[in-house]
Amino acid sequence: MPEEIIDLNAIATDRHSINSSDKPKEVTFNRVHSILYGDPSTKLIYDNAQKYFNKTFDQTYPHTFLKEDIFISIIQNIHPLLKLQFIVEVGSFTGNSASIMGNVLKKSYPGSFILCIDTWLGDLNMWVNKVVWKHLSVSDDGRPTVYYQFLINIIKQNLTEIILPVSMTSILGARFLQTYQFYPQVIYLDSAHEQGETLIELSLYWNLLQPGGILFGDDWNWRVVRCDVKKFIYMKNLTIQHFKRIWILKKSID
Ligand SMILES: C[S@@+](CC[C@H](N)C(=O)[O-])C[C@H]1O[C@@H](n2cnc3c(N)ncnc32)[C@H](O)[C@@H]1O
């Protein structure tokens with residue numbers, strides 16, 4: 001398949017790069033928080049979370065397959081020239097996988113943080129088959145409230161300065177990062193897993209990944225995931241590694 005068919009790197013011309021120096025700047029929690037929500041020393045995105053829906057700490061969502069040891073071995077494999085500073089997770093739900101990563105960063109990678117991109121509106125399986133429906137926690141008015149569960153879970157684990165949520169679709173999130181030239185060293189893709197959509201996400205997020213970095217994802221056992229990931233590695237001539245259902249792609253440094 002010719003690569004230009006899925007070259008999705010272009011962004012609308014009136015929203016081209018906002019970074020005036022044209023040199024990617026260091027991405028920090030405070031910088032991204034300030035752009036999205038204002039100065040975190042004045043008001044942190046977590047400050048009002050307790051007010052809504054009476055959520056209490058709950059990590060019982062059962063489908064988190066990322067484990068601490070897998071994550072540690074992945075980040076130890078980024079190129080030695082890269083400093084691990086900025087991770088993006090696409091698809092966070094109640095925050096279980098984000099917490100696993102956040103606790104590792106807090107212990108061993110001071111100054112680093114995770115941007116969690118999610119609509120917090122769930123996926124098809126949740127809406128159609130009512131899989132983990134209770135965790136989506138749809139209000140009487142028909143709106144999922146799992147975002148507030150995410151906030152409470154992060155607060156209760158003291159990860160509020162390491163994990164930053166942003167309620168965007170995966171595509172919008174990628175455009176946001178591209179606009180500011182915020183390029184992560186590690187990306188974890190665990191969103192809707194719909195065929196075609198996964199290929200678009202792969203293409204957009206691969207472009208954002210720093211050379212030498214790692215993009216990994218969940219659910220290799222899903223046919224749709226395998227289909228899009230295999231298409232992508234064929235197009236880019238990449239080799240893939242697996243750890244149980246986690247699949248891993250490393251971007252070459254040059
Ligand atoms: C399987 S859950 C993520 C689970 C989490 N990574 C864990 O292991 O605990 C999938 C998440 O992807 C989100 N999602 C689905 N489609 C999305 C899209 N197009 N953009 C952003 N998030 C999306 C859903 O709202 C849901 O929270």
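Select Val90 and Ile117 to begin: valine 90 stands opposite isoleucine 117, which lies in strand β2. The model on screen is predicted.

Now extend the selection to the strands around this pair. Strand β1 covers residues 86-90, and its pairing with β2 is parallel, over five bridges. To follow the chain between the two strands, add residues 96-108, which form helix α3. The path runs from β1 through α3 to β2, a β-α-β crossover of the right-handed kind.

Stay on α3 for a moment. The helix has 13 residues, and the distance from its first C-alpha to its last is 19 Å, close to the 18 Å expected at 1.5 Å a residue. Colour the helix by accessibility next. Its buried residues are Asn96, Ser97, Ala98, Ser99, Met101, Gly102, Val104 and Leu105.

Next, select residues 113-118, the whole of β2. How many of its six residues are buried? Six of the six are, so defined by a relative accessible area under 20%. Show the side chains and look at each face in turn. On one side are Phe113, Leu115 and Ile117, all buried. On the other side are Ile114, Cys116 and Asp118, and these are buried too.

Which strand pairs with β2 besides β1? Select residues 163-167 to see strand β3, which pairs with β2 in the parallel sense over five bridges. Two residue pairs are useful for checking the register. Isoleucine 114 has isoleucine 163 of β3 as its bridge partner, and leucine 115 stands opposite leucine 164, also in β3. As for cover, β3 is mostly covered, with four of its five residues buried.

Finally, clear the selection and show the whole chain. Its secondary structure amounts to nine helices and seven strands. The radius of gyration is 18 Å, close to the 18 Å that the globule rule gives for 254 residues, so the chain is as compact as a globular protein of that length. Turn the C-alpha trace along its principal axes, where the spans are about 50 × 45 × 40 Å.

Switch to a surface view. The accessible surface of the chain is about 12500 Å², and carbon and sulfur atoms hold 52% of that area. Of the 254 residues, 50% count as buried.

A contact map is a reasonable last display. Among contacts in the chain with a separation of 6 or more, 81% come from residues 24 or more positions apart.

Key: Residues are numbered from 1 along each chain as its sequence is written. This is a predicted model: local features need pLDDT of at least 70, side-chain atom pairs count only at pLDDT 80 or more; totals for chains, interfaces and linings use all residues. Side-chain values use heavy atoms; hydrogens and water are left out. Buried means under 20% relative accessible area, exposed over 50%, partly exposed in between (1.4 Å probe, protein chains only). Two strands pair if DSSP finds at least two bridges between them. A crossover is right-handed if, with the strands pointing away from the viewer, the path from the first strand over the helix to the second runs clockwise. The radius of gyration is taken over C-alpha atoms; the globule rule is 2.2 Å times the number of residues to the power 0.38. Contact means heavy atoms within 4.5 Å. Accessible areas come from the Shrake-Rupley method with a 1.4 Å probe; for residues, only the protein chains shown count as cover. The expected span of a helix is 1.5 Å times one less than its number of residues.
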